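Thanks for taking a look at this one with me. Here are my notes, set out point by point, so that you can follow along in the viewer.

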Amino acid sequence: MAKTITTVISGGLVTALLFGASVNAQDQAHLQERERLLSLIEEVNGDPEKRRIAIREGHQRVSFCSNCHGDDGNSKRPKIPNLAGQNPAYLLEQFDLFADGRRKDFVMQTLAKEFTMEDKINISIYFSNQDVMPDQEIDLLKARHGKELFESVCQFCHGADGKGEAGYARLAGQQKEFMIIALKRYRDNSKAELRPQEVRRTDVRMERVTQHLTDQEIEALANYIASIE
Ligand code: HEC
Ligand code: HEC
């Protein structure tokens with residue numbers, strides 16, 4: 001766990017440098033706050049008693065979330081992401097992005113604004129400790145094509161098995177339809193005809209890697225990702 005967390009933080013900075021994202025004072029403050037929460041998560045996860053309590057508290061705190069994301073973070077709705085097995089670094093990042101409106105979704109923005117520091121820690125610990133249970137229908141031909149694309153482009157950041165150990169989003173077993181929506185959102189952000197208020201999600205790295213993907217390639221990737229156990 002300790003190793004994962006260190007890789008997360010330095011990985012994020014290294015990527016920011018490699019991919020030209022500037023790190024301003026506000027980003028720096030965000031990074032420091034996340035680093036602090038991540039080390040708290042690491043500390044709680046390392047102590048069986050504290051971990052048990054955090055999972056219990058987290059479970060109570062997410063009772064409302066389960067209507068959409070499933071009680072154990074396995075979503076039964078194709079357009080809603082699984083949270084089970086997601087890594088804490090990515091979860092914390094998304095809470096911030098929703099809370100300050102950089103990622104747009106009405107329900108999630110409203111909810112994320114209410115999270116206390118304790119909520120963020122307990123919720124992250126609860127979901128990251130749940131298992132993903134893939135049960136989607138996979139088009140095997142598309143998945144095979146998706147695997148080739150994944151191995152040539154995506155695994156560099158999301159890991160060879162798509163489990164996002166380095167702190168990038170875990171993709172393995174994720175909802176197919178949600179993947180398609182997310183990838184198209186990143187890809188289409190730069191399209192001139194799109195109005196700024198329609199930009200739901202931005203990320204310089206994901207915008208670059210999706211720029212040249214066709215709809216067919218996105219579907220292939222989604223089938224492969226959904227099939228990874
Ligand atoms: C009414 C349905 C609904 C409820 C209730 C809900 N969510 Fe969500 N959540 C969504 C949708 C839809 C998305 C995807 C938004 C998007 O496409 O960007 C999402 C995305 C997320 C993400 C980002 C996941 C990813 O893979 O990018 C996190 C984290 C999250 N929700 C956590 C929560 C938590 C914690 C709660 C409870 C406090 C909650 N959600 C309650 C619908 C819901
Ligand atoms: C240079 C590193 C990098 C590469 C290469 C990369 N990604 Fe990502 N990916 C990221 C980062 C960083 C995020 C989180 C962005 C955010 O917060 O919106 C992300 C997020 C995502 C998400 C959203 C996950 C969720 O749960 O909402 C999907 C889907 C995704 N990537 C798929 C892919 C696919 C498919 C490829 C290959 C075509 C790929 N990525 C290649 C860095 C990368």
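1. Let us begin at ligand 2. Its surroundings comprise 22 residues, and those that come nearest are C154, C157, H158, Y186 and M206. A residue is taken as near a molecule or strand if one of its heavy atoms lies within 4 Å of it.

2. Before going further, a word on the ground rules. This is a predicted model, in which local features need pLDDT of at least 70 and side-chain atom pairs count only at pLDDT 80 or more, while totals for chains, interfaces and linings use all residues. Residues are numbered from 1 along each chain as its sequence is written, chains are lettered from A and ligands numbered from 1 in the order in which they are written, and side-chain values use heavy atoms, with hydrogens and water left out.

3. Now the overall fold. The protein has 11 helices and 0 strands, which gives the pattern α-α-α-α-α-α-α-α-α-α-α along the sequence. Helices (H or I, at least four residues) and strands (E, at least two) are DSSP runs, numbered from the N terminus. Among the 229 residues of the protein, 44% count as buried. Here buried means under 20% relative accessible area, exposed means over 50%, and partly exposed is in between (1.4 Å probe, protein chains only).

4. Back to the shell around ligand 2. Helix 5, helix 8, helix 9 (176-188), helix 10 and helix 11 (215-227) each contribute at least two residues to it. By type, the shell has 17 nonpolar, 2 polar and 3 charged residues. In this grouping Ala, Val, Leu, Ile, Met, Phe, Trp, Tyr, Cys and Pro are nonpolar, Asp, Glu, Lys and Arg are charged, and the others, Gly among them, are polar.

5. Which side chains make polar contacts with ligand 2? An N or O atom in the side chain of Y90 is 2.9 Å from an oxygen atom of the ligand. For Q94, a polar side-chain atom also sits 2.9 Å from an oxygen atom of ligand 2, and for Y186 the distance is 2.7 Å. A polar contact is a pair of N or O atoms within 3.5 Å; within protein, one must be able to donate a hydrogen and the other to accept it, and residues adjacent in sequence count only if both atoms are side-chain atoms.

6. What holds the iron atom of ligand 2 on the protein side? H158 (NE2) and M206 (SD) coordinate it at 2.0 to 2.2 Å. The pair links distant parts of the chain, with H158 in helix 8 (residues 140-158) and M206 in helix 10 (residues 204-210), 48 residues apart. Donors are N, O and S atoms within 2.8 Å of the metal (3.2 Å for Na, K and Ca); water is not among the atoms, so sites may look incomplete. H158 is buried at 11% relative accessible area, and M206 is buried at 17%.

7. The geometry of that site is octahedral, with angles of 87 to 179 degrees among 6 donor atoms. Six donors count as octahedral if opposite donors are over 155 degrees apart and all others between 65 and 115. Ideal angles for six octahedral donors are 90 or 180 degrees.

8. Ligand 1 has an iron atom too, and its protein donors are H69 (NE2) and M108 (SD), 2.0 to 2.2 Å away. H69 belongs to helix 4 (residues 66-69) and M108 to helix 6 (residues 106-113), so this pair links distant parts of the chain, 39 residues apart. The arrangement is octahedral because its 6 donor atoms subtend angles of 86 to 178 degrees. H69 is buried at 10% relative accessible area, as is M108 at 18%.

9. Finally, aromatic rings. The whole structure holds 3 aromatic pairs. One of them joins F95 and F115, which are edge-to-face because their ring centres are 5.0 Å apart and their planes at 75 degrees. F95 lies in helix 5 (residues 88-99) and F115 in the loop between helix 6 and helix 7 (117-128), so the pair ties together parts 20 residues apart in sequence. Both F95 and F115 are buried. Rings of Phe, Tyr and Trp (its six-membered ring) pair if their centres lie within 6.5 Å; planes under 30 degrees apart count as stacked, over 60 as edge-to-face and the rest as tilted.

Key
Tetrahedral: all angles 85-135°; square planar, octahedral: opposite > 155°, others 65-115°.
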